[in-house]
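Reader: Could you take me on a close look at one part of this model, the protein surface around the DNA? I'd like to see how the contacts fit into the rest of the picture.

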2 protein chains.
Amino acid sequence: MFSKSCQYAIRATIYLAMHQEEGKNLGVKEIATSLDVPQQFLAKILQQLSRQNLVSSIKGPNGGFYLSPENKLNSLLQIIECIDGPLTLNSCVLGLPQCSSVTPCPLHFNFFEYREKMRQTLGATSISNFSNPGLPPYPTY
Amino acid sequence: MFSKSCQYAIRATIYLAMHQEEGKNLGVKEIATSLDVPQQFLAKILQQLSRQNLVSSIKGPNGGFYLSPENKLNSLLQIIECIDGPLTLNSCVLGLPQCSSVTPCPLHFNFFEYREKMRQTLGATSISNFSNPGLPPYPTY
DNA sequence: TATTGACATGATTTTGAAAACATAAGTAGT
DNA sequence: ACTACTTATGTTTTCAAAATCATGTCAATA
């Protein structure tokens, strides 16, 4: 459904939201270790998010990544589209470029409704949702 | 969402259902040309489906692929799981193996309902649905 | 029974995502 | 200023999916 890069991006962003403390930055090393993902690979992904102002970063000693108040207002959908592109949840499940509601593929309407709802949910879920303490426990990242 | 192999498998199966005439077999060549997919690659995929009795084939002159009455009773989900494996629509969207309804990832319940409904729809849609004449027109395969 | 046309199978190549490597650039503290 | 630490960037390598190549197997028919 999502590329690995995208999965890592989501997990890292949520990790940031959950573990961020006032004025404390989280290094790639810590995040990558905690999520058990390749550090260098995650670094690139975070940089990609950073370039689009979806996460914030500071270089040097005590540097790292954090979420600014604005960053937290972004939605999960923005994270996803930043990495996998804007067509991820929109393009035809059979890979047909001409497919649309006007010229639908045989499966178009089997998926359209659910995929649209997923999009809406992801678009309506802001990152700040995950910084809320008291969330249920999650499996290891 | 689905691998290319899987997309090709679905399209080819539906093509078979739509274009099959009494006692007439369709060759890989014709199918591949019509769907605009690599012929040899499609051949492998059809063989995979054939080995699991999801499509039928006959060798030799006038040979080709066709759907037996039993084949038509199969569901789209069976086609998909034959190619992409049984976990395609079940596994965690973030790729976390431990994720389940008991130990959910942060996005588990955002997707669970819709994915489950997709599964049900696909499982309830038999191939015979597509041999029904009078279906709406489809974009080029 | 030989030929031909089709599917079947194994091995190989290509391609792009995923991962790793190497180095640059910036910042805090000494 | 110098060092250490961390993000940023460009290049290379790895790996699996996608695609191709080469050959085998089977059946219709002349």
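Author: Sure, and let's begin with how the two chains relate, as it helps with everything after. Keep in mind that this is a predicted model. Chain B can be laid on chain A by a rotation of 180° with 0.0 Å of shift along the axis, and the RMSD is 0.0 Å. That is the relation of a two-fold axis. If you want a landmark for the axis, try B:M1: of the residues of chain B, its C-alpha comes closest to the axis, at 2.1 Å. The copies meet through the same surface, because 100% of the interface residues of chain B are also interface residues in chain A.

Now for a single chain. Chain A has six helices and two strands, and from the N terminus on its elements run α-α-α-β-β-α-α-α. Its C-alpha atoms fill a box of roughly 55 × 30 × 25 Å along the principal axes. Of the 141 residues in chain A, 48% count as buried. Take the contacts in chain A between residues at least 6 apart in sequence, and 63% of them join residues at least 24 apart.

On to the DNA, with strand D up front. It is surrounded by 27 residues, and the closest are A:K44, A:Q47, A:R51, A:S57 and B:K4. Of the strand D atoms that come within 4 Å of the protein, sugar and phosphate make up 62%. Which parts of the chains supply this surface? From chain A, α3 (39–51), β1 (56–58) and β2 (64–66) each give at least two residues, and from chain B, α1 (4–19) and α3 (39–51) do so as well. The largest share, four residues, comes from α3(A). By residue class, the surface near strand D divides into nine nonpolar, twelve polar and six charged.

You'll probably want some distances for strand D. An N or O atom in the side chain of A:R51 sits 2.8 Å from a phosphate oxygen of the strand. At A:V28 a polar backbone atom is involved, 3.1 Å from a phosphate oxygen of strand D. Chain B joins in through B:Y8, where a polar side-chain atom lies 3.3 Å from a phosphate oxygen of strand D.

Flip over to strand C and you find 26 residues around it, with A:G60, A:P61, B:K44, B:Q47 and B:S57 the closest. Sugar and phosphate account for 58% of the strand C atoms within 4 Å of the protein. Two of the contacts here come from chain A: a polar side-chain atom of A:S5 is 3.2 Å from a phosphate oxygen of strand C, and one of A:Y8 is 3.3 Å from a phosphate oxygen of strand C. There is a base contact to look at too, with a polar side-chain atom of B:K44 lying 2.6 Å from a base oxygen of strand C. The elements giving two or more residues to the surface near strand C are α1 (4–19) and α3 of chain A, along with α3, β1 (56–58) and β2 (64–66) of chain B. For strand C the largest share, four residues, comes from α3(B). The residue classes near strand C come out as nine nonpolar, eleven polar and six charged.

Since β2 of chain A supplies residues near strand D, let's zoom in on A:Y66, which lies in that strand. A:Y66 is partly exposed, with a relative accessible area of 25%. Beyond its neighbours within four places in sequence, A:Y66 is in contact with A:L16, A:Q20, A:K24, A:N25, A:V55, A:S56, A:S57, A:I58 and A:N71. One of those, A:S57, is also listed among the residues closest to strand D. For scale, the C-alpha atoms of A:Y66 and A:A32 are 14 Å apart, with their positions 34 residues apart along the chain.

Finally, what's behind all this? The largest nonpolar core has 90 residues, and A:I10, A:L107, B:I10 and B:L107 have the most contacts inside it. Leaving out residues up to four places away in sequence, A:I10 touches A:F2, A:L76, A:I79, A:I80, B:L94 and B:L107. For a polar detail, go to B:R119 in helix α6 (residues 108–124) of chain B. The side chain of B:R119 makes a polar contact of 3.1 Å with the side chain of B:E81. With the same sequence neighbours left out, B:R119 touches B:L77, B:E81, B:P86, B:L89 and B:N90.

Terms used:
Residues numbered from 1 in each chain as written. Chains lettered and ligands numbered in written order. Predicted model: local features only at pLDDT ≥ 70, side-chain atom pairs only at ≥ 80, totals over all residues. Heavy atoms only, no water. Near = heavy atom within 4 Å. Polar contact = N/O pair within 3.5 Å; in protein donor to acceptor, adjacent residues only side chain to side chain. Nonpolar A, V, L, I, M, F, W, Y, C, P; charged D, E, K, R; others polar. Core = buried A, V, L, I, M, F, W, Y, C linked by side-chain atoms within 4.5 Å. Buried < 20%, exposed > 50% of the residue type's maximum accessible area, 1.4 Å probe, protein only. Contact = heavy atoms within 4.5 Å. Least-squares fit on C-alpha atoms with pLDDT ≥ 70 in both.
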